[in-house]
Amino acid sequence: MPLAVCSTPIGNLEDVTLRVLRELHEADVVLCEDTRRTRILLDRHGVKARLESYHRHNEAARTGDVMERLERGERIALVSDAGLPGVNDPGARLIAAALEAGVAVTVLPGPSAVETALVASGLVGDRYQFVGYLPRRRGELSAFARELARWPQPVVAFESPRRLSTSLAALAGEMPERPAAVCRELTKRFEEVARGTLAELAKRFEEAPRGEITIVLGAVPVTRAEETGEDELAAVAELVSAGVARRQAVDLVARLTGASRNLLYRSSL
């Protein structure tokens with residue numbers, strides 16, 4: 001039997017799919033991050049299932065046992081507290097082990113805090129970057145904020161409510177006028193989507209709020225100096241074909257033309 005990776009609601013318990021409910025009902029065992037939290041979901045929908053814990057503190061020790069059971073043909077479903085296992089939640093280790101051992105893995109999609117926040121923010125673009133949780137240490141956070149300031153596409157990040165004010169202040173310090181949104185308690189009763197510039201949001205959330213937090217940074221408008229034309233790309237390609245390292249070629253062309261190094265590098269790949 002394949003390992004069934006099941007997405008669960010990020011808040012509202014009615015957001016679970018019929019396919020996930022059927023899989024959880026038919027599974028021999030459901031591995032879950034918190035058995036109490038998963039039991040609330042299953043009781044709400046009248047699903048009886050045997051639950052076992054599988055979380056970040058025991059996944060290393062339990063993966064071997066789970067693999068043996070999968071190879072014996074047990075039907076095992078994997079869930080996390082919210083969303084899809086393996087994306088900033090336990091599960092990636094077991095999924096990788098199953099694939100390496102030749103055990104089939106089937107993914108049952110469902111709610112996503114990343115995409116829900118992106119659409120709710122009104123800042124969606126053709127591309128976006130998901131960066132998981134923002135760094136906790138102040139120095140790493142400041143360095144990451146400087147890096148994000150150079151990324152023109154929308155960015156989605158998770159953050160804890162108690163660290164939100166610190167993170168927003170660091171982001172606003174590098175890009176105060178960048179449009180952004182703080183999405184709190186998505187799909188829940190007290191859902192809130194606060195929109196504004198990073199400077200405005202940093203001021204608004206000086207006090208820590210409650211609930212689950214997702215931050216969205218809007219796209220950065222490309223200025224004329226950042227536009228990358230065919231001539232610049234052709235110059236980089238010519239230097240690379242002559243044996244110059246791509247990054248060195250990009251640096252040289254950027255200095256001579258004023259084009260954005262980051263945009264020029266990405267466009268030349």
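**View 1. Strands β7 and β10 each supply at least two residues of the lining of the largest cavity.** Here a cavity is a set of points on a 1 Å grid over the protein atoms alone where a 1.4 Å probe fits but cannot get out, and lining residues have an atom within 4 Å of a point. Strands are DSSP runs of E, at least two residues in length, numbered from the N terminus. This is a predicted model, in which local features need pLDDT of at least 70, side-chain atom pairs count only at pLDDT 80 or more, and totals for chains, interfaces and linings use all residues. Residues are numbered from 1 along each chain as its sequence is written, and side-chain values use heavy atoms, without hydrogens and water.

**View 2. The lining of the largest cavity comprises eight nonpolar residues, no polar and no charged ones.** Look for Leu134, Leu148, Val155, Ala157, Leu171, Ile215, Val216 and Leu217. Strand β10 gives the largest share, three residues. The volume of this cavity is about 40 Å³, where a volume is the space filled by probe spheres set on the points.

**View 3. Strand β10 (residues 213-217) has five of its five residues buried (under 20% relative accessible area, 1.4 Å probe, protein chains only).** On one side sit Ile213, Ile215 and Leu217, and on the other Thr214 and Val216. In a regular strand, side chains alternate between the two faces of the sheet.

**View 4. Strand β10 pairs with β7 and with β8 (at least two DSSP bridges per pair).** Five bridges join β10 to β7 (residues 155-159), antiparallel, and Val156 stands opposite Val216. Strand β8 (residues 179-184) also pairs with β10 in the antiparallel sense over five bridges, with Ile213 as the partner of Arg184.

How values were computed. Buried < 20%, exposed > 50% of the residue type's maximum accessible area, 1.4 Å probe, protein only. Helix = DSSP H or I, 4+ residues; strand = E, 2+ residues; numbered from the N terminus. 1 Å grid on protein atoms, 1.4 Å probe; cavity = no way out; pocket = protein on both sides within 12 Å on 5 of 7 lines; lining within 4 Å. Nonpolar A, V, L, I, M, F, W, Y, C, P; charged D, E, K, R; others polar.
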